[in-house]
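Student: I should like a close look at a single part of this structure, followed from the surface into its surroundings. Please set out the details in one connected account.

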Amino acid sequence: MHGSPEARALHDLYPAIDLHADSLMWSRWVGYDLHARHDPPLPRAALGGHVDVPRMKEGGMGAQFFGLVSLPIGQRHGLARVIDEQIDALESQISRAPHRLAKVRTADEIEAARARGQVGALLGIEGGHALEGSLDKLAHFARRGVRYLGLCHFSRNELCYPAYGRGRKDDAGLTPFGREVVAACEALGVVVDLAHINRMGFLEACAMAKRPPIVSHTGVVGAFEHWRNVDDDQLRAIADKGGVVGVIFCPQFLGGDGLAPVVKHMKHIIDVCGEDTPALGSDWDGFIVPTRDLCDAARLPLLTDALLEAGIRPETIGKILRGNAMRVLAEVP
């Protein structure tokens, strides 16, 4: 078991919610079993093997947002089907052990799952290209339980432009269809996720938002300057709308390995926006190598210890672990 008794007590009180892991991609591609303990992870914990139900429980986690990934390389059609297949994969895994894992959508459902001893599984789409230019597909995914939509990934799509990648265009914001999607998300109860989008599109989406948006997984420029990270104006734009920013666990974007860089990014968000903005955004099972001390979900209490050692109040840590994400879910009904 990882973490001090104090950290584990906080996880008992505030079972953690992580805003982004790509585990269902591996479930679809290689039959990754969420109910089996994958220990140890793959070499240096790269490319999968970070999240499963046994290690989520060991790490004091209450719920995980699973990012639904499709790769629009050389194709525009069939992307929505890939998302449906990953949702099917989650539902199949739940059917095998419904007493351990539950598909949830709301803060109340997360609490109910906790009371039953289940880990909550939430869904978010990474990249608006998966809509294939159709608001009907957005409504379809909302009916299937998708709770957030990342407007962009690593390539231009019908909605917007990436911060980095194919079709990058720094002087362009949302497309007309992108603005329609932001409005439709709010009407359907889908949180707008601004990870990966360029700065102009990011700020435009925040300006028009009537419900809290999020950044599911990112670093912050104020702690480490990198193209992937968001600056203080972007942080304030999210915070002004009541949103949250999930800190990624990737050393490449944090500016160093270990727990200290993660804490540095968390503290910068608190300094700029206050304690209601930071959250967890690991990117476990994504195409990253996580920081060595957070190489899987079981080790999450080590971050809680590091936050305590940095002088962050237990009540604030509770917001980082759980409270801020729960509030956004409640405010986007």
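Tutor: Two strands are taken to pair if DSSP finds at least two bridges between them. The model under discussion is predicted. With that criterion in hand, consider strand S5 (146-150), which is followed by a loop leading to helix H7 (176-188).

S5 is mostly covered, five of its five residues being buried. On one side, strand S4 (residues 119-126) is joined to S5 by four bridges, and the two run parallel. Within this pairing, Val146 of S5 has Leu123 standing opposite. The connection between these strands involves helix H6 (residues 135-143): S4, H6 and S5 together make a right-handed β-α-β unit.

S5 also pairs with strand S6 (residues 191-193), again in parallel, through three bridges. Here Tyr148 is found opposite Val191 in S6. A right-handed β-α-β unit is made by S5, H7 and S6 as well. S5 thus belongs to one unit with S4 and H6 and to another with H7 and S6.

The loop between S5 and H7 holds Tyr164. Whereas the residues of S5 are buried, Tyr164 is partly exposed, with a relative accessible area of 43%. Since membership of a patch requires over 30% relative accessible area, Tyr164 meets that condition because its value is 43%. Together with Phe154 and Trp227, Tyr164 makes a nonpolar surface patch of about 300 Å². The part examined therefore joins a buried strand, by way of the loop that follows S5, to a residue of this nonpolar patch, Tyr164 being partly exposed.

Key. Residues numbered from 1 in each chain as written. Predicted model: local features only at pLDDT ≥ 70, side-chain atom pairs only at ≥ 80, totals over all residues. Heavy atoms only, no water. Patch = residues over 30% accessible without salt bridge, like charges linked within 9 Å, V, L, I, M, F, W, Y side chains within 5 Å. Areas by Shrake-Rupley, 256 points an atom, 1.4 Å probe, with all protein chains shown as cover. Salt bridge = Lys/Arg side-chain N within 4 Å of Asp/Glu carboxyl O. Buried < 20%, exposed > 50% of the residue type's maximum accessible area, 1.4 Å probe, protein only. Right-handed = clockwise from strand over helix to strand, strands pointing away.
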